[in-house]
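Biologist: Could you teach me how to read a model like this one, beginning with what it means for a residue to be buried?

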Amino acid sequence: MTDRDSRHRQAMQRLKTHVDERIANASEQRGQLLVFTGNGKGKTTAAWGTVARALGYGYPVGIVQFIKGSWECGERERLSDDPRLEVAIMATGFTWDTQNREADTRACQRVWQQARRMLEDPDVYLVVLDEVTYMLKFGYLAIEDVMDALARRPAEQTVIVTGRNAHRQLLDAADTISEIQETRHGFNAGLEARRGIDY
Ligand code: ATP
Ligand code: MG
């Protein structure tokens with residue numbers, strides 16, 4: 001063995017000891033709260049990736065899309081025939097122009113009732129609250145209601161929250177926070193959102 005080989009081997013052994021120690025320390029078993037936030041692209045796709053992962057083991061999953069309306073969404077097309085997946089979509093009424101606060105608030109509250117039901121159901125292994133951060137920001141939904149439902153949820157249930165500008169209380173309660181930074185986005189160079197890639 002060369003010097004370089006044996007140095008590498010020693011380094012790998014040290015790394016393994018360190019990683020094994022950390023794995024042994026991470027032994028708590030419970031559902032988690034994950035927040036995918038930041039301005040970069042990838043929050044919703046990361047959430048759906050986790051949905052596919054959970055469904056892959058046959059776990060029941062609930063997704064609530066707070067902003068999508070009836071927009072196209074390729075991942076929903078692909079996965080929604082899985083009987084273990086329930087998707088609740090905020091009904092018509094929401095527009096980015098938010099010209100009608102009352103209608104938007106009603107639409108939000110309606111879909112929130114479905115979210116609450118999922119958050120009370122011990123059979124649901126994973127709940128995704130996609131873009132819920134905006135509902136809090138616009139005041140369509142009260143942070144107290146969300147925090148209360150999260151706190152009361154079944155101990156084995158994992159929740160993923162996505163959206164920019166996550167509320168401080170959500171961040172404080174989260175087990176895992178991934179902030180996706182926008183280093184660059186093609187949109188700013190005039191690239192149109194692409195079917196099957198962006199939605
Ligand atoms: P994705 O759904 O692709 O994972 P996201 O959930 O991180 O993106 P959102 O803020 O929810 O991002 O944006 C919704 C839409 O805008 C998506 O079509 C996404 O591809 C696109 N998008 C995401 N980030 C940016 C950005 N920084 N600038 C412009 N468009 C973006
Ligand atoms: Mg998103």
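**Reading a metal site and a sheet**

Modeller: T44 counts as buried because its relative accessibility is 13%, where buried means under 20% relative accessible area, exposed over 50% and partly exposed in between (1.4 Å probe, protein chains only). E131 is buried as well, with a relative accessible area of 9%. This is a predicted model, in which local features need pLDDT of at least 70, side-chain atom pairs count only at pLDDT 80 or more, and totals for chains, interfaces and linings use all residues. Residues are numbered from 1 along each chain as its sequence is written, chains are lettered from A and ligands numbered from 1 in written order, and side-chain values use heavy atoms, without hydrogens and water.

Biologist: Which protein donors does the magnesium ion (ligand 2) have?

Modeller: Donors are N, O and S atoms within 2.8 Å of the metal (3.2 Å for Na, K and Ca), and sites may look incomplete since water is not among the atoms. Here they are OG1 of T44 and OE of E131, 2.0 to 2.1 Å from the ion. T44 belongs to helix α2 (residues 43-56), whereas E131, 87 residues apart from T44, sits in the loop between β4 (126-130) and α5 (132-138); helices (H or I, at least four residues) and strands (E, at least two) are DSSP runs, numbered from the N terminus.

Biologist: In which order do the six strands of the open sheet lie?

Modeller: Strands pair if DSSP finds at least two bridges between them, and here the order is β3-β2-β4-β5-β1-β6, with parallel pairing. The edge strands, β3 (85-89) and β6 (176-179), each pair on one side only.
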